[in-house]
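Dear colleague,

I am passing on a structure that you have not worked with before. Please look through the sequence and the model first, and then read the notes that follow.

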Amino acid sequence: MPELDKKSWRNDAYAKVTGRAKFTDDLKFANVLHAAPAYTDFVHARIISIDTSLAENLPGVIKVLTARDVPGTNRFGQIIRDFRIFADDKIRYHGDVVAVVVAETREIAIRAAQLLKVNAEPLTAVLDPEAAMLPDAPLVHENHGTNIVNTHVVRRGDVEAGFRQADFVIEEKFQTQTVEHAYMETEAAVCVPRSTDGVIEVYGSMQHPFSTRRFVAACLGVALSEVEVIGTPMGGGFGGKDDTAAIVCARTALAAKLLNRPVKMVYRRDWSMRESYKRHPYRVHYKMGVTKAGRITVVQCKIIADGGAYCSVTPWVTWRSTVQCCGPYVVENVHCDTFGVYTNNVVAGAMRGFGSPQMNFVIEQMVEIAAQRAGISGVEFRRRNMVRQGSVTITGQKLDGHKVAMEQALDTVLREMDYEKKLAKCAHGIGDDELYGIGLAMSYRGVSLGAEGVDFCAAIINAQADGSIFVEVGVHENGQGAESAMLLLLAEELGVDLNRIRYRRSSTSNIPDSGTTVASRGTIMGGGAVTLAARELKKKIAGAFCEKLGCAAEEVRFKDNFICGRSDTDRIAFGDAMRQMWQMQQFPFALGTFKAPRVTWDEHTGQGDAYFTWVYGCQAVELTVNKKSGRVKLLNAVAAHDVGRAVNPEMVRGQIYGGMAMSTGYGLHEEVKAPEGKMTTLNLNTYRIPRSMDLPEMKAIIIENPDPVSPTGAKSIGEPANEILAPAIANAIFNATGRRHFSLPIHLGALPEPTTCGEGCK
Amino acid sequence: MKLFVNGKEIEVPAAAMEKRIVEFLREDLDLTGAKNACDVGACGACTILVNDEPIRICIKRVKDFAGQRILTIEGLAAPDGTLHPLQQAFVDCGAIQCGYCTPGMVLTAHAFLLNNPRPTREQIRNAIFKNLCRCTGYQQIIDAIEKAAPHYQRGERGLQAASTPGKPASRHTSKGVNLAKAEAG
């Protein structure tokens, strides 16, 4: 076996680059049936009746499933149980599914789904989140009593005093759009009833096998042990393969259970776009008080997030927005009111960034506007206000348990970009056809779930009698390389070659429920669990062999595939040791549990130690704007992120590049359009994600400050990489054109000639 | 009617002529590397090479390919499983994340390098324009294609992978690519 390149190593690379990796739609089972969802053309309506007879009479159709067929609960959710597996009382958005048709072929299922007749009484649709908050607005969920899903606040200091201390106040309104994850693989499931014990096996494209299992078990009305979700390669998630993916699995599992045959349902792109949850569109009203010396004295803001038709994780998304509502800046006086709101728009839920991309678009422009008013550079303004070692955040958390690397990230980008020199060259709207601009943005980000939820993770190591090793971890391979990171960490900790270790195909029936692989928690939580399990295993091995090695158990070392005593010559080969342990009736087996350190939160004041650690990042971009067409061309982009420790450096860079690319789409191209609540951007030809030619050459710089609270020193990168390029682009466009953009995506038409004669001179 | 897929002659049953070629490859031949991700020819995940040209096949029928020479991702590595230098470069450069776009991306790049073994980075960027990737930002994919280019410049043996058995196409020989018969299995 050739030397493995640990800088870019992945356990699944060979399978993926040869086309051998079997994604859900690639799996084949004998006697399989195919399923397709049925939608209606209503946006908001009360269901009177559903006539399935025409569909059922189509030759080849086996069954049409509706809410009536659900033996368990039809209503489920991670926070509020308002998601319908099948719409039962009302249609609440254009993507609501009323039935699933099961047929001998996919084509027949699709044809039959169009034959469904739904009789419903149309209701007034509420599509504007602010209108939805008014007392007389039509209710999306009558039993909730209001369209306000949730509120969060931050109450810190004395806001009135803060405004008195300010020399000037900046007040702006911002708006962000609905965007789609656009994972390359759509939602998909194959469910197989196991003849031996009746367990339903679920193979699917999802990033939360345990949540999927809960959805499936609840829908079927069975115990968790009667559903087994088996790890299957997944074609991208970006936060988007949680609720909707779980519901697709639940419907498929229901068909498999009722018909006692394998059933496959693979979403067509237009179904995926129409039904799956999106990133929340935000409206933010932001007021910032600033002194002449360029210090922020106060922030007052109101955040409204359109959560669409169902709750999904809106309370958690908006919580992060609230905690991070002032960006990486120290502000003594803060008053923030955040609202998650039901509307009849497409459901909004988790998407990479999780409430931060929206807020950073606001904050990172506000600081530039404030800097300009104060007559200092945006960089200097940031330096005067940014968090440093020992700073206290707006929720009262002292940042002292880890290295606060905000300025390090900023300086790294400034140096790499030669930023301040290039800043002087910006066109500010004056010049030839191509106007040049450079801009940056930075952020800090709480790692993992924080006070949102229970946060712990398991890893199981099971060494075999020949020295080969299985490992399984409660985090999911979303395509980001999670399994590889776990294997690299384990090989290092045990001092063995990578090719000894195999990642066991994951199963919810084997590894304990360790939560969802979201919140940039895979490496820190999963890696922490692997490392703790490895240390547990080493303790067992050391106990078994210390006498033979003539040293104390604490002195036993693990290196180069050997278990060594005090000297390198006192050693036992790892494989021999495993065989001997078997003979000693000892299992070289360990379970590791990494529990996130304690966090605190007071919902009434919005104060507490919100996250157990933080990461810091900065990104900058150079671009030109064509004066006639308004076309933006990105020339160059640089990112620097403190990741704690880079376990797999090429994969870390891949996260950064991919995050910047996605953020470019957010800034310039992407927008889900749904006039009157009916989506028109239903495929990748109308919903425009960045292509290679839309992107510049990028540079990703990894900063490593190992974090003491992380057993591996590693922290996070998935989301931090995806939350600041859009505001950097907005700032660069301002520096190029002299014009600010307060809504996303940024649309630039032809630019007017700069004038000095004010309004109406044309 | 016949197809030549990864160096093998395939006799197509009459009943399959109207099938979408992507389904024929995936279901009838179990070549699942080509993915259905949009069904409208927008994303490139279904790209295969037809007579060395990258074609997005999700909207095409089997009968459109009568007598044509098809290379799918399964036919690119050597019969013993050794990765093609382009595939190896994708692995080495960290160009693979979720892997869903990878087969189409690799084949598009392969066709491009056969025609243009000394590309600039900008030309590479342009060449993969029709293949969407949501994970990587394309940076390491471009790195990988750039890294593989010298193998094409040298015209290494086995580089072209599958072709019609005994009938190597002649169009690339003038550009220094040695066309070996690498029968894919």
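**Helix α14 and its surroundings**

The buried residues of α14 of chain A pack against the strands β21 (456-463), β22 (469-473), β23 (501-503) and β24 (557-559), and also against the helices α15 (522-549) and α17 (649-669), of chain A. Please keep in mind, here and below, that this is a predicted model.

Helix α14(A) is mostly covered, since 12 of its 13 residues are buried; among them are A482(A), E483(A), S484(A) and E493(A), together with M486(A) and L494(A). The length of the helix can also be checked: at 1.5 Å a residue, with the expected span taken as 1.5 Å times one less than the number of residues, the 13 residues of α14 (residues 482-494) of chain A should span 18 Å, and the end C-alpha atoms are indeed 18 Å apart, so the two values agree. After α14(A) comes G495(A), which has a positive phi, near 65 degrees.

One of the helices that α14(A) packs against, α17 of chain A, contains G659(A). This glycine counts as buried because it has 29 C-beta neighbours inside 10 Å, where 20 or more are required. Leaving aside residues up to four places away in sequence, G659(A) touches A721(A) and N722(A), and the C-alpha atoms of G659(A) and I717(A) are 9.0 Å apart in space although 58 residues separate them in sequence.

On a wider scale, chain A is divided into domain 1 (25-123 + 206-240 + 247-259), domain 2 (278-450 + 603-737) and domain 3 (456-595). The centres of domain 1 and domain 3 of chain A, taken over C-alpha atoms, are separated by 40 Å, and the contact takes 15 residues from domain 1 of chain A and 13 residues from domain 3 of chain A. On the domain 1 side of this contact, the elements that give two or more residues are α6 (209-220) and β13 (227-230) of chain A, and α6(A) gives the most, with four residues. By class, that side has five nonpolar, eight polar and two charged residues.

Finally, there is the contact between the chains, in which 41 residues of chain B meet 43 residues of chain A. On the chain B side, α2 (85-92), α3 (102-115), α4 (121-127) and α5 (139-153) of chain B each supply at least two residues, with α2(B) giving the most, namely four residues. The residues of that side divide into 23 nonpolar, 13 polar and five charged.

With kind regards

Terms used: Residues are numbered from 1 along each chain as its sequence is written. Chains are lettered from A and ligands numbered from 1 in the order in which they are written. This is a predicted model: local features need pLDDT of at least 70, side-chain atom pairs count only at pLDDT 80 or more; totals for chains, interfaces and linings use all residues. Domain bounds come from an automatic or database domain assignment. Two residues are in contact if their C-beta atoms, placed from the backbone, lie within 7 Å. Ala, Val, Leu, Ile, Met, Phe, Trp, Tyr, Cys and Pro count as nonpolar, Asp, Glu, Lys and Arg as charged, and the others, Gly among them, as polar.
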